[in-house]
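Here are my notes on the model you sent over. Have the structure open while you go through them.

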Amino acid sequence: MKLAIGPLLYYWPRATVMDFYEAVAAGPADVVYLGEAVCSRRHELRAADWLQVAGRLRDAGKEVVLSSMALIESGSDVAALRRLAAQEAFAVEANDMGAVGLLHGRPFVAGPHLNIYNAATLLLLHGLGARRWVMPLEMGQAGLEELQSTRPEGMETEVFALGRMPLAFSARCFTARQRNLPKDDCRFSCIEHPDGLDMTTRDGKPFLVLNGIQTQSASVCNLAAEFEALRTAGADVLRISPQSRHAMEVVALFDDLRRGRATPEAASRSLLPLLPGPACDGYWHGRPGLEWQAGSAA
Amino acid sequence: MTQLESPFELVCPAGSLPALKGAVDNGADCVYLGFRDATNARNFAGLNFDDKAIAAGIAYAHARRRKVLLALNTYPQPGGEALWRGAIDRAASAGVDAVILADPGLMRYAAEFHPGLRLHLSVQGSATNVEAIEFYRREFGIARAVLPRVLSLAQVEQVVSNTAVEIEVFGFGSLCVMVEGRCALSSYAAGESPNTHGVCSPAGAVRWQQRPEGLEARLNGVLIDRYGPGEHASYPTLCKGRFEVAGETYYAIEEPASLNTLELLPTLMAMGVAAMKIEGRQRSPAYVAQVTRVWREAIDSARAGRFSAKPAWMAQLDAVAEGRQHTLGAYHRAWK
């Protein structure tokens, strides 16, 4: 099973990003998704910088994929998407049907936000050039097994296995709103929140995380305990969505898991103190996403 | 203002046959409805249509030269494709004027087996830019796309002027703050979402409880809001609750308010938008009739070149708005 580092969903300072990908280059992950996938106002790294990081990672033996943004609205967003699709040095993860259209005929990765919920759509995307698909966040074991039974030849399956889940996208920037700033003058507030901005209920329970125009789960998806079920279902790639702390320890734990140096239960337990919030795995079990079943079984 | 020659359709919701009649009788050009099952993103108990009611609705609308659009706008779940494909077949044989679809696999099926059936891309299809819309046109020949409620006026104009696909926008009703088709908040909290079950913040998961701290509204146990004495309590749609961020309690995502773009109507018509959608298949026939009447009058006066957003229209719309408040949402750049 391959390990992938998902696109960096937060706005980290440039030096932090560079240091992070140096560590990734030296680490055991096989696939690295790069690029700004959330907000086009984030400019610590420009497109050329991302390409430079991509080259560095490829030299280190990693498969590099450039992720497109999930929400593409403005003319400049569309222009950036066209440039991304036109470059041929690296594969692209399409997170919007506009990207799929522009990549037509070339191999690409069908990202988690394309809404591939059934066999007919999976087959269609394969026909358009997708060589890997990422299961929607809402889907669980039962859905995955059903789709895998009709998976087209040559299509790899990737599952979001660890990290805060990107659950929704809006035109509104909730981080700017929290500071009473308009999105157009957000003063790059996201940079102060390396794992997003916590939003709790009025009785003090963590619920969601505001990350600019993206809304994430406050609980952190942790499917380490389901490793055997994932393998049985034919998952080829496990995605680790980077958080600001302990990212390389998390990758190392998944590496131990796939090499049989740790049991799924032990790896799952060891991950808990490394996560920025409580763990969850509800979607995998066909339950509300915020639930934590592995925890209750233990 | 010049008189407009291009057609501009008023598309109204019908959760029942009486609502359909209310829409048609008050001037809707099109009525949209759905089957009484998971193929429909407004799959509420006691609402929607079986084959017999659809036949009656189509007969009623067609006799008055109005159109009926059928929303099949959820995503077929793994292994469940037969239900959705069957719904396409049923819609085609009932004689609907178009089907409103979100799922690409289902579009391929409709295009292949019912080539004469007109396809509209549902708002749940999440097409927010011209490249996405052109993808659906090239692959499936869609005739119309409904835009998610996240674009500014300038962005709507840019889309309209760069595609031959007709563009439909939302004019009035509940404001979805997130890009439709890209929101799993409901299933995260309560296990069911628009994409998977055609519901958001499902009623079955809602609990109200009076406590010393106030009246609490919970969704599958998650506290969405708490109301003090005299405060107006809203349905606990999870993105319209009050939460705490950085020590402050407020509507962190959006206030309870309805989208109302009435004042933008002449602008939207002039930029070439083809249709205006009214939200609310879960609402009463009286709501549908009242909202349709106001919008019919407004569109007719805009077409005649003498539009102003009359206070009486706004008052009638506010009376049925969520929290009795309205917003221009993302059409107004400052909202973002």
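The points below take the two chains together and then the domains of one chain.

1. First, the ground rules. This is a predicted model, in which local features need pLDDT of at least 70, side-chain atom pairs count only at pLDDT 80 or more, and totals for chains, interfaces and linings use all residues. Residues are numbered from 1 along each chain as its sequence is written, chains are lettered from A and ligands numbered from 1 in the order in which they are written, and side-chain values use heavy atoms, with hydrogens and water left out.

2. How many residues does each chain put into the contact? Chain B brings 65 and chain A brings 61, where contact means heavy atoms within 4.5 Å. Together the chains bury about 5400 Å², with 56% of that on carbon and sulfur atoms. Buried area here is the accessible area (1.4 Å probe) that two parts lose on being put together, summed over both.

3. Now the polar side of that interface. There are seven salt bridges between chain B and chain A, a salt bridge being a side-chain nitrogen of Lys or Arg within 4 Å of a carboxyl oxygen of Asp or Glu. If you want one to click on, try A:Arg172 with B:Glu254, whose side chains meet in a salt bridge at 2.9 Å, N to O. The chains also have 40 residue pairs in polar contact (both at pLDDT 80 or more). That term means a pair of N or O atoms within 3.5 Å; within protein, one must be able to donate a hydrogen and the other to accept it, and residues adjacent in sequence count only if both atoms are side-chain atoms.

4. Which element of chain B gives the most to the side touching chain A? Helix 5 (residues 130-140) does, with eight residues. Helices (H or I, at least four residues) and strands (E, at least two) are DSSP runs, numbered from the N terminus.

5. The chains share strand pairing too: strand 7 (residues 156-170) of chain A runs antiparallel to strand 8 (residues 178-183) of chain B, over two bridges. Pairing takes at least two DSSP bridges between the strands. In strand 8 of chain B, B:Cys183 stands opposite A:Ala168.

6. Within chain B, domain 1 covers 9-175 + 257-331 and domain 2 covers 184-251, with bounds from an automatic or database domain assignment. Their C-alpha centres lie 27 Å apart. In chain B, 13 residues of domain 1 touch eight of domain 2, and the two domains bury about 790 Å², 43% of it on carbon and sulfur atoms. Zero salt bridges are counted between these domains, but four residue pairs are in polar contact.
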